[in-house]
Amino acid sequence: MHEMTLSDLVDYWIASRTYAERSRQQRRSLMRRFVNAVGDVRPADLDPLAVLRWWEGTADLTPASRRAHYIAAKSMIDFCCDMGLRQGNPVATIRRPREPRGVPRALTPAQVHDLRAAAASDDRLRMAVALGLGAGLRASEIVSVRQRDILRDDDPVLLVVRGKGGHTDVVPIICDHLLDELERTADQAGRLVPVTAGYLTRLMGPLMRSVGVNDTTHALRHTYATELLRAGVDVRTVSSRMRHRDVSTTSRYLAPL
């Protein structure tokens, strides 16, 4: 086996995994490009400089495709190392590409209507849905909201939000549905959604699925941002209300519009 070349070993590597047939074909294709770039050599003879040249040659690919090439090559050479055919994986010296960020998916108006109806019988879920859709709050922020955080004397009404990393922000409440829900809780003390963030996530999963949505609480936040942009609110204002550090994060919501 020590005399086998990389192309000889591809099928052995694939056989050691539990890939579906389509994935097997994809990985064979990825490894053909790798072998063409580095040479069909024995694993022990693989030149680290050739590996770097191969990686430079993938620069014209999309981030997702480039990441797929990297993962396949690293896994293949890891296999060779595990089989005792070489020491050290030169692919592993390359910084792993970051996971491509997808376009945030917003709920449709029909899904929003159905979700509100499904949550109506549970005060915690009803308020959580209202805060997510009406203020763009994350799950951890939703469960932190207290009555004293609602600044009702301001116009518009303001909401103090305890965000990621302990940061505190103030966001305007302009959603009539959320204002109505907050009015219903005016005599309520303490937290509006008295559960932990983890428990809220577990409650929201079945609720989302009950209306045909396979998503999490965060979909409410995505919907909030998308609806603001559709209404013509400029991206910098939306970025401020979403409390994004960089407006480029908010710009991702523009892709499907």
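**An aromatic cluster, two free cysteines and a pocket**

Phe 34, Trp 54, Trp 55 and Tyr 70 come together as one aromatic cluster. The model discussed here is a predicted one, and a search across the whole structure turns up three aromatic pairs. A pair of aromatic rings is described by the distance of the centres and the angle of the planes. For Phe 34 and Trp 54, the ring centres are 4.9 Å apart and the planes stand at 85°, so this pair is edge-to-face; the cut-off for that label is an angle over 60 degrees. The contact links distant parts of the chain, with Phe 34 in helix H2 (residues 21-38) and Trp 54 in helix H3 (residues 48-56), 20 residues apart. Phe 34 and Trp 54 are both buried.

Trp 54 also pairs with Trp 55, and here the arrangement is tilted, with 5.5 Å from centre to centre and 50° between the planes. Like Trp 54, Trp 55 is buried. Trp 55 has a charged partner as well: the charged end of Arg 66 sits over the ring of Trp 55, 4.1 Å from the ring centre.

Turning to the cysteines, a search of the whole structure finds zero disulfides. Cys 80 and Cys 81 are a helpful case to look at. The sulfur of Cys 80 has its closest cysteine sulfur in Cys 81, at 6.9 Å, which is too far for a bond; a disulfide would need the sulfur atoms within 2.5 Å. Seen from Cys 81, the closest cysteine sulfur is that of Cys 80, again 6.9 Å away and too far for a bond. As for their surroundings, Cys 80 has a relative accessible area of 0% and is therefore buried, whereas Cys 81, at 21%, is partly exposed. The cut-off for buried is under 20%.

The second largest pocket has a volume of about 190 Å³. Its lining includes Leu 107, Thr 108, Pro 109, Val 112 and Arg 116, together with Leu 133, Gly 134 and Cys 175, and also Thr 223, Tyr 224, Glu 227 and Leu 228. Helix H5 (109-119), helix H6 (123-135) and helix H10 (218-230) each contribute at least two residues to this lining. The largest share, four residues, comes from H10. Sorted by class, the lining of the second largest pocket holds seven nonpolar, three polar and two charged residues.

Some backbone details in the loops also deserve a look. Asp 155 and Pro 156 are joined by a cis peptide bond, with omega about 5°. Pro 156 lies in the loop between strand E1 (150-151) and strand E2 (158-162). Further along, Arg 243 has a phi near 60°, a positive value in a residue other than glycine. Arg 243 belongs to the loop between helix H11 (235-242) and helix H12 (247-251), and with a relative accessible area of 13% this arginine is buried.

Gly 212 is a loop residue too, placed between helix H9 (197-210) and H10. At 61% relative accessibility, Gly 212 counts as exposed; the cut-off for that class is over 50%. Gly 212 and Gln 111 are 101 residues apart in sequence, yet 7.9 Å separates their C-alpha atoms in space.

Notes: Residues are numbered from 1 along each chain as its sequence is written. This is a predicted model: local features need pLDDT of at least 70, side-chain atom pairs count only at pLDDT 80 or more; totals for chains, interfaces and linings use all residues. Side-chain values use heavy atoms; hydrogens and water are left out. Rings of Phe, Tyr and Trp (its six-membered ring) pair if their centres lie within 6.5 Å; planes under 30 degrees apart count as stacked, over 60 as edge-to-face and the rest as tilted. Buried means under 20% relative accessible area, exposed over 50%, partly exposed in between (1.4 Å probe, protein chains only). A charge sits over a ring if NZ of Lys or CZ of Arg is within 6 Å of the ring centre and within 35 degrees of the ring normal. On a 1 Å grid over the protein atoms alone, a cavity is a set of points where a 1.4 Å probe fits but cannot get out, and a pocket is an open set with protein on both sides within 12 Å along at least five of seven lines; lining residues have an atom within 4 Å of a point. Grid points are joined across faces, edges and corners, and a volume is the space filled by probe spheres set on the points. Ala, Val, Leu, Ile, Met, Phe, Trp, Tyr, Cys and Pro count as nonpolar, Asp, Glu, Lys and Arg as charged, and the others, Gly among them, as polar.
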